[in-house]
Amino acid sequence: YDAIVLTGSVPVLPEEFLKSLNVGGRLFAVVGDAPAMEAQLVTCVAEGAYNTVVLFETCVAPLKNALQPERFVF
C-alpha cells in the first residue's frame, strides 16, 4: 500500500503493517499504552527499511483484537 492509517491505537506496531507498505509508502499509527501513546509516521525508505518519526503524544482508544506485547506475570 502507499498509505495506511490505523483508526485506533495499538500497544505494539505489528510487523504485518510494515511489510504491506510499498517503497515510499507511509503508515500513521498511535502506538503505546494509555496514558503514554505516541502518534508515529512510518515511511518505507527501501525494501525492509523504515524511517519512523514521532509526531506527538496522545491517548486514543485501542483497536479491537490488537496484537498485545508479552506482559510480566507472577
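User: When do two strands pair?

Analyst: Two strands pair if DSSP finds at least two bridges between them. In this predicted model, E2 and strand E3 (residues 36-46) pass that cut-off, because 8 bridges lie between them. The sense of this pairing is antiparallel.

User: Which residue of E3 is the bridge partner of Arg26?

Analyst: E2 and E3 are joined by a hairpin through 2 residues. The two strands run antiparallel. Across this pairing, Arg26 has its bridge partner in E3, and that partner is Thr43.

User: Where is the cis peptide bond, and what is its omega?

Analyst: Most peptide bonds are trans. The cis bond here involves Pro35, a residue in the loop between E2 and E3. Ala34 and Pro35 are the residues joined by this bond, and omega is about 5°.

User: How many bridges join E1 to E2, and do the strands run parallel or antiparallel?

Analyst: One residue to look at is Ile4, whose bridge partner in E2 is Leu27. Strand E2 covers residues 26-33, and its direction relative to E1 is parallel. The number of bridges joining E1 to E2 is 5.

User: Is Leu6 buried or exposed?

Analyst: Leu6 sits in strand E1, which spans residues 3-10. Buried means under 20% relative accessible area. Leu6 has a relative accessible area of 9%, so Leu6 is buried.

User: Which residues is Leu6 in contact with, leaving aside its neighbours within four places in sequence?

Analyst: Leu6 belongs to strand E1, and E1 is joined by bridges to E2, residues 26-33. Once the neighbours within four places in sequence are left aside, the contacts of Leu6 are Leu13, Phe17, Leu27, Phe28 and Ala29.

User: What separates the C-alpha atoms of Leu6 and Ala61?

Analyst: Along the chain, Leu6 and Ala61 are 55 residues apart. In space, the separation of their C-alpha atoms is 11 Å.

User: Which residues form a nonpolar patch on the surface, and what is their accessible area together?

Analyst: One member is Phe56, found in strand E4 (residues 49-58). Phe56 is partly exposed because its relative accessible area is 43%, between the limits of 20% and 50%. With Val53 and Leu55, Phe56 forms a nonpolar patch whose area together is about 260 Å².

User: Where is confidence lowest in the protein, and where is it highest?

Analyst: The protein averages a pLDDT of 92, and 99% of the residues score at least 70. Confidence is lowest in helix H1 (residues 15-19), at a mean of 94. The highest confidence is in E4, at 97.

How values were computed. Residues are numbered from 1 along each chain as its sequence is written. This is a predicted model: local features need pLDDT of at least 70, side-chain atom pairs count only at pLDDT 80 or more; totals for chains, interfaces and linings use all residues. Side-chain values use heavy atoms; hydrogens and water are left out. Patches are made of residues with over 30% relative accessible area and no salt bridge: like charges are joined within 9 Å, nonpolar side chains (Val, Leu, Ile, Met, Phe, Trp, Tyr) within 5 Å. Accessible areas come from the Shrake-Rupley method with a 1.4 Å probe; for residues, only the protein chains shown count as cover. A salt bridge is a side-chain nitrogen of Lys or Arg within 4 Å of a carboxyl oxygen of Asp or Glu. Helices (H or I, at least four residues) and strands (E, at least two) are DSSP runs, numbered from the N terminus. Buried means under 20% relative accessible area, exposed over 50%, partly exposed in between (1.4 Å probe, protein chains only). Contact means heavy atoms within 4.5 Å. pLDDT is the predictor's confidence in each residue, from 0 to 100.
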